[in-house]
Amino acid sequence: MNQTLTIRIPDELKKDLEEISRIEQKPISDLVRESLRRYIAIQRFRQIRNMVLPFAEAQGILTDDDVFKIVS
């Protein structure tokens with residue numbers, strides 16, 4: 001079920017959204033939903049990373065290269 005959310009944004013942001021909407025031929029609501037999904041996904045990733053980080057550090061996994069070596 002879809003819900004309606006009303007937000008206030010600065011005029012400049014609205015102009016930017018309208019321009020992107022026109023260029024990409026997508027409704028503003030689609031752009032905003034996509035942006036929120038990405039933001040939420042990034043926040044969830046950061047939460048998980050922060051939970052796992054102490055365990056990884058205890059195993060000597062400190063860099064992206066360390067992770068790459070393990071999964072390769």
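How many salt bridges does a search of the whole structure find? In this predicted model, the search returns 5 salt bridges. Side chains of opposite charge can pair when their charged atoms come close. Several such pairs are worth following one by one, since they share residues.

A convenient place to begin is K26. The side chain of K26 pairs with E24 in a salt bridge, where the closest N and O atoms are 3.8 Å apart. K26 also takes part in a salt bridge with E34, and here the closest N and O atoms lie 3.4 Å apart. With a relative accessible area of 31%, K26 is partly exposed. Its partner E24 is likewise partly exposed, at 43% relative accessibility, and E34 is partly exposed with a relative accessible area of 27%.

From E34 the trail leads on to R38. The side chains of these two residues, E34 and R38, form a salt bridge with an N to O distance of 3.0 Å. Both residues belong to helix α2, which spans residues 28-58. Within helix α2, E34 and R38 are 4 residues apart, or about one turn of the helix. R38 has a relative accessibility of 54% and counts as exposed, because the cut-off for that class is over 50%.

Taken together, these contacts join up: E24, K26, E34 and R38 are linked in a network of salt bridges. Read along the network, E24 pairs with K26, K26 pairs with E34, and E34 pairs with R38.

Definitions and conventions
Residues numbered from 1 in each chain as written. Predicted model: local features only at pLDDT ≥ 70, side-chain atom pairs only at ≥ 80, totals over all residues. Heavy atoms only, no water. Salt bridge = Lys/Arg side-chain N within 4 Å of Asp/Glu carboxyl O. Buried < 20%, exposed > 50% of the residue type's maximum accessible area, 1.4 Å probe, protein only. Helix = DSSP H or I, 4+ residues; strand = E, 2+ residues; numbered from the N terminus.
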